[in-house]
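Here's a walk through one protein chain, from the overall picture down to a handful of individual residues. Keep the structure open beside you and click along as you read.

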Amino acid sequence: MAAEHILSYQEAVKVIAEHAAGLSPAQPPSRVPLAVVQQRVLAEDIRTPRALPPFDRATRDGFAVRASEIEHALHIRGVLRAGQPPATSPLSDREAFEIMTGAPMPPGADAVLMVEHAERIGERITAAEGRTIKAGDNVVPRGSEAPDGSVIVPAGTRLGAAQIAAAASCGMPDLMVYGRPNIAIFATGDELIEPGEPALDYQIFNSNAYSLAEQVLDAGGEPQIHRSLSDNLADTERAIATAQANADAADAAHLLLFSGGVSMGKFDYVEAALRNRGAEFFFTGLHIQPGKPLAFGALRAKNGSPLYFFGLPGNPVSTLVTFSLFARLLIAALAGDRSYGVPFVSATLAEQVHSKPGLTRFLPAMVHHDIAGPTVRTVPWQGSGDLAALARSNAFLVIPPDREHFPAGDTMTILLR
């Protein structure tokens, strides 16, 4: 049996990041309609085809004026609203335009007196008592958001609502984005059956394949759920060999995920099968809980390219945690995303926690989000196989390895899901 290579969380992330840095996007880019680019990764910069905004824009309903004339009564010359051509002739002395939010400012006006700060009698306005304005108030100047031709979303960005809105504001009907990398998922264990099949007392339903598929999709990958592998060395080797041989196929896997079979049990064959297929292991365990048995390494595909793999622990909570902490980093790189980071944030502990020191622990927890700041409390659980507790949680409370007692009110790190 090969010697274990066990790392801390920080050491493991550094190893994965070094390999991720050398990866190119696994799939070529293509143009995809704007309505369906959510969570894809941008393959080329989004540049503004014109200045944003393309005109001096009013940001309040009110009156477009010269700020220097605000102490006088002003004659209302007309009404300007969004979507109409701008006024062409400049304001005359002591004139104003009634203007709506989003409308282009008329020539000669340099501020907007908000409607609630004005007093109107017929077609004349004055500033309400005590109200003053200065040039530039309630106006966004042309090009102040983005000059003509500037990059507003760089290549390598994962596209969410804000980035898609920015593209739409530039008039782009589609975007050049990278394809999703194919992520092969293998659950292992003789005890597994598929949802919908009749279960005997000693069998359990395969949940890991489906939780991993959802996580892969969320990470920007394309999940490929394979049949569950039996606790058999030859069966596991055949699955690995097939993945290596299919490297040039259109649906070739770019990363292999195994759940289970990487611990020290007599019938845990994933590590042995990988070694028999020529795998290089970068680490085989971690000083964390749950998730101590975890393998990361690379095979050689038939075409000579590296085929990375993660051997994740088989208990469902461990599988979910270790994917979030480690596998997602590599999938982000394969998808072309260079900005991804593990979503750790801080929250205030709502109740005291005791923990045994020595390992970094990730405990199922419920975060309550509030404008005053998030608070977190642990969810009672029965260990890393407790899917019910996992379903009741929305985060993991991170317990550092060097303390036992954490009183209520402590600021803690949490891993968002």
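## Charge

The protein chain carries 34 positive and 44 negative side chains. The centres of those two sets sit 3 Å apart. One thing to keep in mind throughout: this is a predicted model.

## Overall build

On the secondary structure side, the protein chain has seven helices and 30 strands. What radius of gyration does the protein chain have? It comes out at 29 Å, while a compact globule of 417 residues would be near 22 Å. Measure up the C-alpha trace along its principal axes and you get about 90 × 55 × 40 Å.

Of the 417 residues in the protein chain, 48% are buried. About 20000 Å² of surface is exposed, with carbon and sulfur atoms supplying 52% of that. As for who touches whom, take the contacts between residues at least 6 apart in sequence: 71% of them join residues at least 24 apart.

## Helix α3 and its cover

Helix α3 runs over residues 208-219, so to speak a twelve-residue piece by definition of its DSSP run. From its first C-alpha to its last it reaches 16 Å, close to the 16 Å expected at 1.5 Å a residue. Right after α3 comes Gly-220, with a positive phi near 100 degrees.

Which residues of α3 are buried? They are Asn-208, Ala-209, Leu-212, Ala-213, Gln-215, Val-216 and Ala-219. An α-helix has 3.6 residues a turn, so residues three or four places apart point the same way. The cover over the buried residues of α3 includes the strands β14 (182-187), β17 (222-225), β18 (255-259) and β23 (306-312), along with helix α6 (316-334).

## Ser-318 and the cis proline it touches

Helix α6 is also home to Ser-318. Ser-318 counts as buried because its relative accessible area is 4%, and the cut-off for buried is under 20%. Setting aside neighbours within four places in sequence, Ser-318 is in contact with Pro-290, Gly-291, Pro-313 and Ser-384.

Pro-290 deserves a second look: the peptide bond leading into it from Gln-289 is cis, with omega near -5 degrees. You'll find Pro-290 in the loop between β21 (288-289) and β22 (295-300). There's also a cis peptide bond from Leu-52 to Pro-53, where omega is near -10 degrees. Pro-53 is in a loop too, the one between β3 (46-47) and β4 (57-58).

## Positive phi outside glycine

Gln-39 has a phi near 65 degrees, a positive value in a residue other than glycine. Look for Gln-39 in the loop between β2 (29-33) and β3. Is Gln-39 buried or exposed? Its relative accessibility is 31%, so Gln-39 counts as partly exposed.

Arg-94 isn't a glycine either, yet its phi is positive at about 55 degrees. Arg-94 sits in the loop between β6 (74-80) and β7 (95-99). With 44% relative accessibility, Arg-94 goes down as partly exposed.

## Gly-285 in strand β20

Strand β20 covers residues 285-286, and Gly-285 is part of it. Gly-285 is buried because its relative accessibility is 1%. Leaving out neighbours within four places in sequence, Gly-285 has contacts with His-5, Ile-6, Leu-7, Lys-292 and Leu-294.

How far apart in space are Gly-285 and Gly-385? The distance is 19 Å from C-alpha to C-alpha, and 100 residues separate the pair in sequence.

## Met-412 in strand β30

Met-412 is found in strand β30, which spans residues 411-416. Met-412 counts as buried because its relative accessibility is 5%. Beyond its neighbours within four places in sequence, Met-412 is in contact with Val-345, Ser-346, Ala-347, Leu-349, Leu-397, Val-398, Ile-399 and Phe-406.

For a sense of spacing, try Met-412 and Pro-400: twelve residues apart in sequence, and 9.4 Å apart in space from C-alpha to C-alpha.

Definitions and conventions:
Residues numbered from 1 in each chain as written. Predicted model: local features only at pLDDT ≥ 70, side-chain atom pairs only at ≥ 80, totals over all residues. Heavy atoms only, no water. Helix = DSSP H or I, 4+ residues; strand = E, 2+ residues; numbered from the N terminus. Rg over C-alpha atoms; globule rule 2.2 N^0.38 Å. Buried < 20%, exposed > 50% of the residue type's maximum accessible area, 1.4 Å probe, protein only. Contact = heavy atoms within 4.5 Å. Areas by Shrake-Rupley, 256 points an atom, 1.4 Å probe, with all protein chains shown as cover. Lys, Arg positive; Asp, Glu negative; His and termini not counted. Charge placed at Lys NZ, Arg CZ, Asp CG, Glu CD. Expected span 1.5 Å × (residues − 1).
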